[in-house]
Amino acid sequence: MKALLHHIKSFLQSSHFKIYAKRFGFFILGCIAFVIIASGALSFYFNRNKTEIIAKINTKINENINGKFHVGDFQYKFLTGFPNFTLALKDVEIKDNQWNIHKHTLLKAKEIEVRLNVWSLLQNEINIHKMLINDADIYVYKAENGYSNANIFKPKKKKSAEDKSDTETSIDQIDLNDVHFTLDNHVGHKLFDFEIESLKSKVDFDGDDWQTDVYLRTNIESLAFNTVHGSFAKQKILEGTFNVSYSDEKEKIDVVTKNLKIGTDSFDIIAFFNLTEGKALFGINITTTILWQNASNLLSANISSKLNRFDLKEEIDVNCDIKGDFNQEGDPKIVVQAEVKNNELSIPDGLITDCGFKGIFTNNFKPKDGFNDANSAVILTRFSGKYKNIPLTIPQAVINNLEKPLATGIVNSDFDIENLNEENTEKWIHFTEGHASANLKFQFDIVDLYITKPRFIGNVNVKDVSFHFIPKNLHAEKVNVQLDFTEKALLIKKIAYKHNKNIIYLEGKIDNFLNLYYDAPEKMIVNWDIYCPNIDLKQFLGVLASSQKKKVTAKKTTMSDQLRNAIEKCIVDINIKADKINYNKLTATNTKAEIQMIDSRLVIKNGSLQTSGGSITFNTTISPNGKNYNFVSNAQVNRVDIASFLRSFNNFGITSFSPKNIKGRLSSHANVSGFINSRGELLTNSMHGKLDFKVTQGALLNFEPIVKVGKFAFPFRDVQNITFSDLSGNLNMRGEQIDINNLLISSNVLNLDINGIYSFGRGTNLALTIPLRNSKNDAKLASQEERDAVRDRGIVLHLVAVDDEGKMKIKWGKKGKDK
């Protein structure tokens, strides 16, 4: 190494190197001198021929324009652009002949630097090698009638091959710095506005064809294909190199660029622009990988305002195709395609995780209906994801008409029912187990980008679902449900409800479901066919309880809220058949009824059942009233065993006798109302209404009031075992008190007529009319007329049974009198 350094040092100090260095220095000085002399010569030439050169430039420019060209001053730039001849044109303006009408100057520049080919200039030819435009405004204007100030340029005459020469005027290189460019097209309502920081282009000519690589850095003030809808990429910095080529035969410009920066994102673009007379067709294809929000912010306001309500967490692959005619009004045709994989989609209604799909946006959904929002659509294919932990697959969905969006498609899902608890933010229903699958065609409106009024056709199957319906405190276990949604009705099939010892099988139908569910749930009628092998009716009284209303602040209605609202407002019609029903101590068989549930009321029509050896037909309405239930009933009792019947209803609260005191078959007609508590027990003293009754084959056993009277008045008759040939009456119930009208008792011991007031509490006042004759043989008389004729013969006692400090006291006298 030291030897090499020593050798180099020796060479640099040698006489040969000094000679070569001296000669090279003279060469450099000679070149500099030549440049200075040549530039000085060119300066001398310009100053001597300035008038002629300016005249040639003006002539050349005016040969190619229809308008006015004005230059403030010409200057020669010494040494700039050598060996070319460089001129600086100061305060340049170019105006078309109709400037006074539209007031838009085509070109206004503080300086335009023109570099002329010296050899061509010496041969009296103007060949512009390079043009630099600095600090300028270029405004291309096109009026509604199709006139453009760019028409200032005269059409270039075609030359034959033999007429062409190498000295023909051309511009090989163009540079723009700090140029404001505007293309204002009033025919198509288009506005392109760019603040160009730098544009550099060197053109290679091949006859009338040319090719160039254009470097451009600009701020996009407006890229509006339709000024009504706003600009694309507004206020974004665009920077990149464009490969631009022109074909004279096709009259077409092709543009290709890779890694073009718009804002912070990179794009690959392929574009074409036709320059044929009468049409200005163009096409732009853009490919990128970009975040959703970044892509949305590059689009016009009418599109981005909608897309910004959505978001995708990860980048997506996007291809955008724009085609149109600069001379036509309205939007160009826009088709955007995106591929989404393993992403997270935010929508106004929530969040969809594990999301993947292929999406297409087009503003020309129906080819003959134009390019506009009303004819725009978003098409999704192979969609999959999880909404509130519920898996969804959508083979295809379409959202069309972005002015009044309507979504249609098919959705499939298969999930565990417990996942629905996440949607139920109000906690009105809680699922503990079960599985559901759905296959549905759907249609729903989108209002302010929120899903409203979804409608479905298809089926939903639910297996082994257990839930707690909190507003009614209703619990269900292992319920199976099959729902079939049709255009005309919702069919509810194969529901099996089991709870404790209760078993219920249900099938239902809701006509006009799709319309009434959202618009008028109070008019929606759910028709149920119910079969019950065994049921305890008391356990279902909680279903009637009014849901406790909570004061809530106004908010968007969720699907859960809508379902709850429909459940609470709809009318339920039930045809029920039960093999066995238990209610308190009542056991009924062969029960049939038509039941309506309206709001919180239970209306039972045409009810019939068999119990206590007889039958009952009835119509009843049960309504919640505070913590209790109000009932109104019209019932017909036919030959039931009176003792068993009274036991079933806890003797209707009567304490003065018990079912063991009476035997016989009861027939009655009742039109009564009253209250029962939440346990299904009749509230004592709450009944009001009328009751007519008749007992056949009856007997009164050890009934204390009669026994007391018998001991006093008939000590030798068996008043403890009284059999009746006639026991009937008419009662008017008024809560605690009962008006007894024409209570007739015809027995083997005595006959008795009772009128007055019987009270469950205080206030009993009964008038007893008792013929003293022995009626033992009256039953043997052939007819009722004969029995009535002998009924009141002989001595008749008039007694009163009155309340005496809570106990019943028998006294002589008639009702209303002391004696």
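Begin by selecting K108, which is partly exposed at a relative accessible area of 47%, a class lying between buried (under 20%) and exposed (over 50%), as computed with a 1.4 Å probe on protein chains only. This is a predicted model, in which local features need pLDDT of at least 70 and side-chain atom pairs count only at pLDDT 80 or more, whereas totals for chains, interfaces and linings use all residues. Residues are numbered from 1 along each chain as its sequence is written, and side-chain values use heavy atoms, with hydrogens and water left out.

**The whole chain**

Zoom out before going further: the protein has 11 helices and 37 strands, these being DSSP runs (H or I of at least four residues for helices, E of at least two for strands) numbered from the N terminus. Of its 819 residues, 44% count as buried. Among contacts (heavy atoms within 4.5 Å) between residues at least 6 apart in sequence, 52% join residues at least 24 apart.

**Salt bridges**

Return to K108 and add E93, with which K108 forms a salt bridge whose closest N and O atoms are 4.0 Å apart; the term requires a side-chain nitrogen of Lys or Arg within 4 Å of a carboxyl oxygen of Asp or Glu. The two residues are 15 apart and link distant parts of the chain, with E93 in strand β2 (residues 85-96) and K108 in strand β3 (residues 107-116). E93 is partly exposed as well, with a relative accessible area of 22%.

Next select E339 and R382, a salt bridge with its closest N and O atoms 3.5 Å apart. This pair too links distant parts of the chain, 43 residues apart, from E339 in strand β14 (residues 333-347) to R382 in strand β16 (residues 377-387). E339 is partly exposed at 27% relative accessible area, while R382 counts as exposed at 54%. Going back to the earlier pair, salt bridges that share partners join E93, K95 and K108 into one network.

A further stop is D254 with K252, where the closest N and O atoms of the salt bridge are 3.6 Å apart; D254 is partly exposed at 29% relative accessibility, and K252 is partly exposed at 23%. The count of salt bridges comes to 13.

**The loop before β3**

Select T105, which is found in the loop between α3 (99-102) and β3. Its side chain makes a polar contact of 3.0 Å with the side chain of W99, a polar contact being a pair of N or O atoms within 3.5 Å of which, within protein, one must be able to donate a hydrogen and the other to accept it, residues adjacent in sequence counting only if both atoms are side-chain atoms. Apart from neighbours within four places in sequence, T105 is in contact with I94, K95, W99, Y139 and N149.

**The nonpolar core**

Now show L89, I112 and W528, which touch the most other members of the largest nonpolar core, a set of 166 residues. The largest share of this core, seven residues, comes from strand β19 (residues 429-447). Such a core consists of buried Ala, Val, Leu, Ile, Met, Phe, Trp, Tyr and Cys residues joined through side-chain atoms within 4.5 Å. Staying with L89 and leaving out residues up to four places away in sequence, you will find that L89 touches F69, V71, D73, F74, K110, E111, I112 and V114.

**The β17–β18 hairpin**

Move to strands β17 (residues 390-400) and β18, which pair in the antiparallel sense over five bridges, where pairing requires that DSSP finds at least two bridges between the strands. The two strands form a hairpin with five residues between them, and N401 in the turn has a positive phi of about 60°. I399 has A407 of β18 as its bridge partner. Colour β18 (residues 406-416) by accessibility to follow its alternation: A407, G409, V411, S413 and F415 point to one face and are buried, while L406, T408, I410, N412, D414 and D416 point to the other and are not.

**A buried aspartate, and two cysteines**

Select D484 in strand β21 (residues 474-485), which counts as buried at 15% relative accessibility. Its side chain makes polar contacts with the side chain of Q482 at 3.5 Å and with that of K493 at 3.2 Å. Leaving aside neighbours within four places in sequence, D484 is in contact with G458, N459, A489, L490, L491 and K493.

Finish at C320, buried at 10% relative accessibility, and C532, buried at 1%. The count of disulfides (pairs of cysteine sulfur atoms within 2.5 Å) comes to zero.
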